[in-house]
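Visitor: Hi, I'm new to this one. Can you show it to me and walk me through it?

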Amino acid sequence: MDAFAHVGGLLATDLAEVSSDPAVLDGRGWWAVAVTYEGKVTCARFERVRPAPHPEGPWRAPGPWHSSLDRSAYERGVTEIRAAIADGVVYQANLCRVLSAPVRDGITGLGRRLSDAHPAPYAMTLKLPGLEIACASPELYLARDGDVVTSGPIKGTGRTEADLLPKDHAENVMIVDLVRNDLGRVAVPGTVEVPSLCAVERHPGLVHLVSTVRARTNAGWPEILDATFPPGSVTGAPKSSALELIERLEPVARGPYCGAIGWVDADRRKAALAVGIRTFWIEDGHVRFGTGAGITWGSDPAREWLETELKAERLLEVADAGVD
């Protein structure tokens, strides 16, 4: 199939324009949006949007997976972040790794399998010239309804609620403070609120701690993205120091992973952009997938590595189940 986006039971086709300028999102039309963690913006306007099932496509199992950080390197990174916390550089930072494997097919078939096996509130498949993403994200980066913007940061992951530790609650509260500050930069004064803090959400095979932060804003999309991106839940606090630490510790670019993916209906002033977690993308003949964990002073390096394995396990099973 040619260029398309599938999200929330809607299929967008008839690609009309592609732009790297987020100001177009304040104009007209229905846009699919992808922003890499490094800040590369892709906005694709589609002329036709209608209810439809996810398109079908072939998907054969990829070759062996390679991780940008092996276990020993990842655990060393956790130790370095804890040292930075002890020195007062950061309070929390995310450490991520990117898995890659050679692949023979495009994203359509994998996106279909992912949507069937792991339905997610912010799932999306996007196929554009030079950009192919299949996302099963449970995490809301930004929703918009008129002048109201909402974020739903996730911090704390386990197989069951009993796995969630005091460290997970503390981490969630730290990121909520960061998101409040980010939204406060573009919010109408006095409108930032936290309707829900550390609620438990259940997803296939996992539970998460999720909070909700809301505000009113008169800002346009360029200003909103500039104030809030990258998402606080996948960077750390303070964000500027965490970004510097991440750049030093992670050997490859995150790309669409930990960025933003979703849609903007400029005509209705509505939008939903997910944090680009649980996300596959195809690049240079390889399918890639990112996984990571938030590191605090209470982190154990071995446990954090296992959290990255837990987050990846069920998603990689879907990719590896292709039919040769």
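Guide: Sure, a term to begin with: helices (H or I, at least four residues) and strands (E, at least two) are DSSP runs, numbered from the N terminus. Using those names, Asp284 lies in the loop between strand 17 (279-283) and strand 18 (286-295). This is a predicted model, where local features need pLDDT of at least 70 and side-chain atom pairs count only at pLDDT 80 or more, while totals for chains, interfaces and linings use all residues. Residues are numbered from 1 along each chain as its sequence is written, and side-chain values use heavy atoms, with hydrogens and water left out.

Visitor: OK, what's phi of Asp284 near?

Guide: Phi is near 55°, a positive value in a residue other than glycine.

Visitor: And is Asp284 buried or exposed?

Guide: Asp284 counts as exposed, because its relative accessibility is 67%. Buried means under 20% relative accessible area, exposed over 50%, and partly exposed in between (1.4 Å probe, protein chains only).

Visitor: Which loop is Cys258 in?

Guide: Cys258 sits in the loop between helix 5 and strand 15 (260-265). Cys258 isn't a glycine, yet has a positive phi of about 70°. Cys258 is buried, with a relative accessible area of 0%.

Visitor: New topic: which residues touch the most other members in the largest nonpolar core?

Guide: Among its 58 residues, those are Ala5, Leu25, Trp30, Phe46, Leu126, Tyr141 and Trp221. A nonpolar core is a set of buried Ala, Val, Leu, Ile, Met, Phe, Trp, Tyr and Cys residues joined through side-chain atoms within 4.5 Å. Strand 3 (residues 30-35) gives the largest share of this core, six residues.

Visitor: What does Trp30 touch?

Guide: Leaving out residues up to four places away in sequence, its contacts (heavy atoms within 4.5 Å) include Ala5, Phe46, Trp263 and Asp265.

Visitor: Now the prolines. Where is the peptide bond from Phe229 to Pro230, and is it cis or trans?

Guide: That bond is cis, with omega near -5°, and Pro230 lies in the loop between helix 4 (221-228) and strand 14 (236-237). The bond from Ala237 to Pro238 is cis too, with omega near -10°. Pro238 is in the loop between strand 14 and helix 5 (239-249).

Visitor: Last one: which residues of helix 1 meet helix 6?

Guide: Arg71, Tyr74, Glu75, Val78 and Thr79 do, and their partners in helix 6 include Trp305 and Leu306. By class, this contact has six nonpolar, two polar and three charged residues. Here Ala, Val, Leu, Ile, Met, Phe, Trp, Tyr, Cys and Pro count as nonpolar, Asp, Glu, Lys and Arg as charged, and the others, Gly among them, as polar.
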